[in-house]
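Trainee: I would like to learn how to read backbone angles and strand pairing in a model like this one. Could we go through it feature by feature?

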Amino acid sequence: HLTPAAHTILKNRAVNANIFFSTVPVSMSQLHAQKKAHSVVLQWSTFTELNSHHFEIQRSTDGKNFVSIAVIPAAGNSSLTKNYSVEDIHPNSGNNIYRVIEVDNNEQKEFSNRLHVAFTPVAFFAGEVYSNPVVNELAVNLEADKKQMAEISIVSAEGKILSTERLLVYNNFTYKKDWSKMPAGRYTLRIKTANETLVRSFVKF
């Protein structure tokens, strides 16, 4: 063990050599997930990174045995917020437990929180409206496992149908609508297929 005096000398030498100490090499947010029709999108952020090399994303069904599903590079050194995203295109039907491991250049590791995601594939999926609040154009991502018709309506807060379109949706599709000339307020996007009706809300500024 170093004496206090020796520790001070070592620290001063490190500062003179432009070597900086940090007790938290990576400051990371909680891991979040967004379920889609046939996949799960994992998202997290870092607020600071020091000597970081890469992130390994792992999945488990029992919380004990994890498998790696992706590896992506880290920022290295950063004091700015960095956003990361990985899509698991083969999630297990049922329970999925995800975690992210940050590995630095010295192979030291930090673990994120564990995130439990119950997943069931669906025939039709609609994401949230973006950008929300809407200024000029609204958009929503749609997914379908087979070709099917979808009726997309936009309804005012008073319940009046302002717009209706019928579209053929298959695989991944982004529906876009110019809403720049509409008054500010709350609206509902209603997506109706042969089997279900999905509702998404948005605000117009």
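Trainee: Is N171 buried, exposed or partly exposed?

Mentor: Keep in mind that this is a predicted model. The relative accessible area of N171 is 45%, and because buried means under 20% and exposed over 50%, N171 counts as partly exposed. N171 is found in strand β12, which covers residues 161–178.

Trainee: What is the phi of N171?

Mentor: Phi of N171 is near 60°, a positive value in a residue other than glycine. A second asparagine can be read in the same way: N51 has a positive phi of about 65°, although N51 is not a glycine. Where N171 lies in a strand, N51 is placed in the loop between β3 (40–49) and β4 (52–60), and with a relative accessibility of 24% N51 also counts as partly exposed.

Trainee: Which residue takes a positive phi in the hairpin of β11 and β12?

Mentor: That residue is G159, with a phi near 95°, in a hairpin that has 4 residues between the strands.

Trainee: How many bridges join β11 to β12, and in which sense do the strands run?

Mentor: There are 16 bridges between β11 and β12, and the two strands run antiparallel; to find the register on your display, look for V140, which stands opposite Y175 in β12. When you follow the side chains along a strand, the general idea is that in a regular strand they alternate between the two faces of the sheet.

Trainee: Which residue of β13 stands opposite S153?

Mentor: S153 stands opposite R190 in β13, a strand of residues 185–192 that is joined to β11 by 6 bridges and runs antiparallel to β11. Strand β11 also pairs with β10 in the antiparallel sense, over 3 bridges, and here F125 stands opposite E143 in β11.

Trainee: Where is S131 placed, and is the peptide bond from Y130 to S131 cis or trans?

Mentor: S131 is in the loop between β10 (124–126) and β11 (137–156), and the peptide bond from Y130 to S131 is cis, with omega near -15°. The loop between β10 and β11 also holds P133, and the peptide bond from N132 to P133 is likewise cis, with omega near 15°. When you inspect this loop in the model, then, look at both the bond that leads into S131 and the bond that leads into P133.

Note on methods:
Residues are numbered from 1 along each chain as its sequence is written. This is a predicted model: local features need pLDDT of at least 70, side-chain atom pairs count only at pLDDT 80 or more; totals for chains, interfaces and linings use all residues. Side-chain values use heavy atoms; hydrogens and water are left out. Buried means under 20% relative accessible area, exposed over 50%, partly exposed in between (1.4 Å probe, protein chains only). Two strands pair if DSSP finds at least two bridges between them.
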